[in-house]
Each structure stands twice: as C-alpha cells, then as structure tokens.
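Subject: Structure handover

Dear colleague,

I am passing on the structure we talked about, and I would be grateful if you could keep it open while you read. My notes on what was found follow directly after it.

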Amino acid sequence: MTKSYELLDSGDLSKLEIVGGYKLLRSSPTSAYGKATPEIWNDLHAQYIKNDSGSGHWNFQKKVPESFTIEFSNLTFKIKLTPFGHIGLFPEQETNWNRIREIGKKKQGLEVLNLFAYSGGSTLACLDAGMSVCHVDASKGMVDWARENAKLSGLDSKPVRWIVDDVMKFIRREIKRGKKYQGLILDPPSFGRGSKGEVWKIEENLSELMDALMELSDSKPEFVILSCHSQGFSPLTLERILSSRIKSKGSYQTSELFIPEKSGKKYPAGFCTFFSK
C-alpha cells in the first residue's frame, strides 16, 4: 500500500500535513520552535483554529470531503476533520503497530485489551497480527469509527469485542468475571469522561488502573504498550510504572514518540514504554 499521510514541517505552534492529498494546518503546542521550511506553508486546503474552550473550527480554503479514506501502515483509515482538530489517525503509533506485528510472528492467538482505543489503529494492528482484541472506549462515536476502520481494512471478521464503557468500570467487571489478557495497550488522556460522565484524571487514576490491569494479566503480561502525552509522565516515569508492577522477565523499550518530517527533522508526539517477554 502507498502511504497517503506525510508530515511536511512543524513549528511556531503548528504542524503542516498532507493527508490523502489534502494540505492541512493544525495547531501543535509541542512545536515551540521555528519552522524548518517556511516557504512551503501556503496553498492550504484547511486550517484548524483552536479556541480557549479546547474545541475549535476548520477554516476551509479549498473543498475537502466530509470524510475520506487513506492507506497508512498497511491499514485503511477513515479520515474526518473533527471539531477538536483530530483526524482519526495518530501516525506516531506506527512504531508500536510494527512491534505488535513482530510479536504476532512469534506468538499467535494472544488476547489483547486495548483501552482508550479511539479510532482503533492498535486494534487493527493486533487483528492483522493474528491476535484477538477487546477494544474499549467511552465514546460510541469513536467505537463506531474504529469498527468502520476494521471493515475498511478487511479485518471486521477477525475476533474483536467492541465495548463502549468507562475504562475502570469495565475492568472491574472483567476482574470479577475472571477474565485474563496477555497483551495490554493504553494511551490514556490527561483528562476525560466516561460513557456516563465519569471523570478521568491521569495523575489521580493511572496507578489504580495499572494495578487493576495487573490483576487481569496476573502481573505477567506477554507485552504492554503504555504511551501518553501528559506533562510529568516522561519515558522514564512510564517505564517505572510498568517495571514496579510486572513480575515476569522481559525487555523495556522506552522512548519519545515522534513523526518523521519531510524536512528531515522529527516531530515530538508523546512518550512510550514498550514491555515484551
């Protein structure tokens, strides 16, 4: 498949992307540096304008469809320009998707729990790697979007459970049912709300969540991918969160997430720790 996403450049609190042939400009609080190639920041299709409430709007300079599909990392994604500036694709996770595929070559049939699963990129990678997945997100709209991505990628017949629920409430029920998972994937937000208004704050709730996940895996998971974009949760912090709980021997790969730019530089896009036996 051809890659129909490309990050052209970033800087001055913005990033410039080509998505399915459309040139988009989005805000980027991590881009507090100068642009590498300022001469290409023109002839846009759309620019996302963020407001003080955390939402915003798109300023269209050329026609862009309400939704369209692209091929990325051997998967097919529905793209939609949302009022929150998201498009339904997080390219910085491609490294983790490739790690999942490598695990799938060695171990088939692992049961994986994907939390805060959004539009389902990691779910698709797991299904593509021969794993079964429980995909959990509090937003019905996002779960429907992920299901559509699975269908577009030809993976809708693979073993997957689509769950719309608050993450902690769902995990507690799984513990009571005696359910076990061999793989754990989570990219928790700094702040969020569950399906019935439950409040999530990463600094208050992440420890409880990780303890519960260890119950679901007997503290000996085959692999864990923990990533986040929250201040105060550095790669080293994430590694210690895992290493203080996981009892089985394995390796930890801890790093910043990034997206390669056409400019040759790297766009900072969060932090990640990957554990595997």
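Before turning to the first helix, it helps to know that the expected span of a helix is 1.5 Å times one less than its number of residues. Please also keep in mind throughout that this is a predicted model.

With that rule in hand, take helix α5, residues 202-217: its 16 residues should span 22 Å, and because the C-alpha atoms at its ends are 21 Å apart, the expectation and the model agree. Several residues of α5 are buried, including I202, L206, L209, L213 and L216, and the buried set also takes in N205 and S217. The residue that follows α5 is D218, and its phi is positive, near 55°.

Next, the sheet. Five strands form an open sheet in the order β1-β2-β3-β4-β5, and the pairing within it is mixed. The edges are held by β1 (5-11) and β5 (56-60), and since each has a single partner strand, one side of each is left without a neighbour in the sheet. On average, neighbouring strands of this sheet are turned by 20° against each other, if direction is ignored. To look at one pairing in detail, follow strand β3 (residues 22-27) and strand β4 (residues 46-50), which run in the parallel sense and are joined over two bridges; L24, for instance, has A46 in β4 as its bridge partner.

The edge strand β5 also contains F60, which counts as partly exposed because its relative accessibility is 45%. Apart from its neighbours within four places in sequence, F60 is in contact with H45, A46 and L81, so you will meet A46 here again. By contrast, F60 and G130, which are 70 residues apart in sequence, lie 41 Å apart in space from C-alpha to C-alpha.

Now to the aromatic rings, of which a search of the whole structure finds seven pairs. In one of them, the rings of Y5 and F72 have centres 6.1 Å apart and planes at 85°, and planes over 60 degrees apart count as edge-to-face, so this pair is edge-to-face. It links distant parts of the chain, since Y5 belongs to strand β1 and F72 to strand β6 (residues 67-72), 67 residues apart. F72 in turn pairs with W97, their ring centres being 6.2 Å apart and their planes at 80°, so that this pair is edge-to-face as well. Because F72 lies in strand β6 and W97 in helix α1 (residues 94-106), this second pair ties together parts that are 25 residues apart in sequence.

Are these rings buried or exposed? Y5 is buried, with a relative accessible area of 6%, and F72 counts as buried at 2% relative accessibility, as does W97 at 3%. Together with F77, the residues Y5, F72 and W97 form one aromatic cluster.

Finally, two lysines are placed over tryptophan rings: the charged end of K35 sits over the ring of W41, 4.2 Å from its centre, while the charged end of K78 sits over the ring of W145, 5.8 Å from its centre.

With best wishes

How values were computed: Residues are numbered from 1 along each chain as its sequence is written. This is a predicted model: local features need pLDDT of at least 70, side-chain atom pairs count only at pLDDT 80 or more; totals for chains, interfaces and linings use all residues. Side-chain values use heavy atoms; hydrogens and water are left out. Two strands pair if DSSP finds at least two bridges between them. Helices (H or I, at least four residues) and strands (E, at least two) are DSSP runs, numbered from the N terminus. Axes are lines fitted to C-alpha atoms, for helices over the stretch in contact, and angles run from 0 to 180 degrees between N-to-C directions. Buried means under 20% relative accessible area, exposed over 50%, partly exposed in between (1.4 Å probe, protein chains only). Rings of Phe, Tyr and Trp (its six-membered ring) pair if their centres lie within 6.5 Å; planes under 30 degrees apart count as stacked, over 60 as edge-to-face and the rest as tilted. A charge sits over a ring if NZ of Lys or CZ of Arg is within 6 Å of the ring centre and within 35 degrees of the ring normal. Contact means heavy atoms within 4.5 Å.
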